[in-house]
Amino acid sequence: MSLAAVSGINIVGAGLAGSLLAILLAKRGFKVTVYERRADPRVANAERGRSINMALAARGIRGLTLAGVLDQAMSLAIPMRGRMVHEHDGSAGLQMYGVRPEEVIHSISRADLNRRLIEVAAQLPGVDFQFGQLCFGFAHDKDVLELRDEATGRIHHAAAQPTIATDGAGSAVRAALQEREIATVREVPLDHDYKELTIPGRDGKHVMDPNALHIWPRGGFMLIALPNPDGTFTATLFLARAGANSFEQLRSGGDVDAFFSREFPSAKALMPDLLREWFEHPQGSLGTVYTRGWHMNGDVLLLGDAAHAIVPFHGQGMNCAFEDCAELMRMMDEHHGWAGLFEAFEHERRPNTDAIAQMALENYQEMRAAVLDPEYRRKKKEEEELEKKDPNFIPRYSQVMFHPEIPYSSVKRAP
Ligand SMILES: Cc1cc2nc3c(=O)[nH]c(=O)nc-3n(C[C@H](O)[C@H](O)[C@H](O)COP(=O)(O)OP(=O)(O)OC[C@H]3O[C@@H](n4cnc5c(N)ncnc54)[C@H](O)[C@@H]3O)c2cc1C
């Protein structure tokens with residue numbers, strides 16, 4: 001079917017990618033229906049204990065710019081110019097992310113950005129958000145979406161039209177494609193989990209430098225903290241699930257208290273609610289999802305985490321999902337049929353998403369250990385000097401974060 005012959009598109013999942021995509025498609029004149037299992041975030045509260053804030057960088061900015069929502073997003077963000085590395089002895093030093101003033105990344109709340117994108121999309125003609133609607137697959141006779149109204153339990157079907165599934169790392173649409181032997185999926189769980197905690201502000205002001213991403217690297221594990229506009233920081237502990245220094249060992253308040261006193265005394269001093277939050281906040285799991293077969297004819301396409309969830313250590317999951325959206329728009333100008341478009345999309349994007357999946361895993365090692373190594377610091381300094389002298393030299397980190405014109409796969413291939 002030609003792109004022009006279709007007026008309506010379904011999106012499954014009104015997360016970051018789904019809501020951005022709704023704006024981009026509506027601006028191209030499509031009628032967009034978005035099915036989201038959660039309640040409307042404009043009226044419901046965010047999930048308790050999940051206040052994820054993320055690093056937004058150039059690839060994400062490209063997608064937001066294309067949708068005309070960059071200013072709206074940036075009004076929620078705080079620039080971070082480098083990593084503030086906190087050592088065991090309480091000393092801290094800033095390692096800059098780039099050599100140019102504009103080479104910063106931006107701390108932004110996932111929930112706030114998502115809500116803002118939904119607000120913008122909902123105002124566009126032709127966009128219809130259906131909240132509280134869980135998609136659980138396709139009807140077997142026809143390629144139509146099967147949905148359940150979460151409030152009433154009513155099962156209903158959505159009209160067959162191209163569907164873009166942005167239903168996240170645990171995608172039900174991906175599972176349906178897998179069941180039909182269209183997608184092959186390899187899920188590789190990380191053996192480290194995470195927990196979010198808070199560093200409150202004092203009189204509404206940040207108690208540490210707000211323009212930095214703070215890291216307490218401890219070799220096998222780490223604590224990080226990103227600033228929020230309300231003067232707080234969201235801190236995240238990344239730690240092995242089991243074994244020495246692990247979540248499994250932190251059972252009682254005494255265990256947690258002793259662990260933070262030993263490993264992160266400077267951060268602990270700033271966390272008056274540590275123990276309460278520790279037991280109230282969930283322990284989240286992480287992993288990488290590799291999928292082959294992102295599409296079914298011209299009917300269904302997986303995009304964002306649904307196709308390629310990655311670990312968060314390069315701060316690229318959302319950035320990559322927004323780049324997916326921008327790339328899909330670019331490719332719509334080059335293709336006349338949905339089947340060809342979806343096929344070409346996977347063909348072009350998968351080498352890149354595989355590359356960032358690998359680089360994100362490697363960056364965990366860099367963040368939790370290498371940043372402490374004098375040899376690593378010497379090399380970084382050398383790179384910085386070289387970059388200042390030679391405009392053609394761009395370090396790998398900068399290529400990923402600040403240079404969306406360089407595909408992830410080229411970054412990874414470079415020596
Ligand atoms: C701790 C942590 C830190 C992170 N830090 C960063 C960072 O610094 N930078 C960065 O770029 N990325 C980061 N990420 C990754 C980022 O959050 C994801 O890559 C991004 O949210 C992916 O967007 P998405 O729209 O594909 O999926 P999601 O944002 O997960 O959205 C999926 C949506 O689909 C809905 N849904 C799910 N199942 C169904 C269903 N069956 N039917 C209907 N709706 C459904 C969900 O409710 C949700 O609204 C981080 C992730 C984590 C966990």
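This is a short tour of a predicted model, with a suggestion at each stop for what to select next.

**Stop 1: the ligand and its surroundings**

Start by selecting the ligand and showing the residues around it. You should find 30 residues in this shell, and the closest are Ala17, Glu36, Arg38, Ala55 and Arg110. Colour the shell by residue type, and it divides into 14 nonpolar, ten polar and six charged residues.

Now zoom in on some backbone atoms. Select arginine 37: one of its backbone N or O atoms lies 3.2 Å from a nitrogen atom of the ligand. Move on to aspartate 305, where a backbone N or O atom is 2.9 Å from a ligand oxygen. Methionine 318 also has a backbone N or O atom 2.9 Å from an oxygen atom of the ligand. How much of the ligand's accessible area does the protein cover? Of the 1000 Å² that the ligand has on its own, the protein covers 89%.

Switch to a cartoon view to see which elements give two or more residues to the shell: helix 1 (16-27), strand 2 (31-36), strand 3 (53-56), strand 9 (133-138) and helix 10.

**Stop 2: a pair of helices**

Stay with helix 10, which spans residues 317-332, and add helix 11, residues 338-368. Select glutamate 323 and arginine 349, and you will see a salt bridge whose closest N and O atoms are 3.0 Å apart. Glutamate 323 lies in helix 10 and arginine 349 in helix 11, so this pair ties together parts that are 26 residues apart in sequence. Are these two partners buried or exposed? Glutamate 323 is buried, at 3% relative accessibility, and arginine 349 is buried too, with a relative accessible area of 3%.

Next, select Arg62, Glu327, Arg330, Glu334 and Glu348 together. Salt bridges with shared partners link these residues into one network.

**Stop 3: more salt bridges**

A search of the whole structure finds 32 salt bridges, and two further examples are worth a visit. Select arginine 174 and glutamate 187, whose side chains meet with an N to O distance of 3.7 Å. Arginine 174 belongs to helix 5 (residues 172-179) and glutamate 187 to strand 13 (residues 184-189), so the bridge ties together parts 13 residues apart in sequence. Show the surface here: arginine 174 is buried at 3% relative accessibility, while glutamate 187 is exposed at 53%.

Then go to glutamate 150 and arginine 148, which form a salt bridge at 3.0 Å, N to O. Glutamate 150 is partly exposed, with 37% relative accessibility, and arginine 148 is partly exposed as well, at 31%.

**Stop 4: helix 2 and the glycine after it**

Select residues 58-66 to bring up helix 2, and look for its buried residues: Ala58, Arg59, Gly60, Ile61, Gly63 and Leu64. Continue just past the end of helix 2 to glycine 68, which takes a positive phi of about 75°.

**Stop 5: two cysteines**

Finish by selecting cysteine 320 and cysteine 325. How many disulfides does the structure hold? The count is zero. The sulfur of cysteine 320 has its closest cysteine sulfur in cysteine 325, but the 10.0 Å between them is too far for a bond. Cysteine 320 is buried, with a relative accessible area of 1%, and cysteine 325 is buried at 0%.

Key. Residues are numbered from 1 along each chain as its sequence is written. This is a predicted model: local features need pLDDT of at least 70, side-chain atom pairs count only at pLDDT 80 or more; totals for chains, interfaces and linings use all residues. Side-chain values use heavy atoms; hydrogens and water are left out. A salt bridge is a side-chain nitrogen of Lys or Arg within 4 Å of a carboxyl oxygen of Asp or Glu. Buried means under 20% relative accessible area, exposed over 50%, partly exposed in between (1.4 Å probe, protein chains only). Helices (H or I, at least four residues) and strands (E, at least two) are DSSP runs, numbered from the N terminus. A residue is near a molecule or strand if one of its heavy atoms lies within 4 Å of it. A polar contact is a pair of N or O atoms within 3.5 Å; within protein, one must be able to donate a hydrogen and the other to accept it, and residues adjacent in sequence count only if both atoms are side-chain atoms. Accessible areas come from the Shrake-Rupley method with a 1.4 Å probe; for residues, only the protein chains shown count as cover. Ala, Val, Leu, Ile, Met, Phe, Trp, Tyr, Cys and Pro count as nonpolar, Asp, Glu, Lys and Arg as charged, and the others, Gly among them, as polar. A disulfide is a pair of cysteine sulfur atoms within 2.5 Å.
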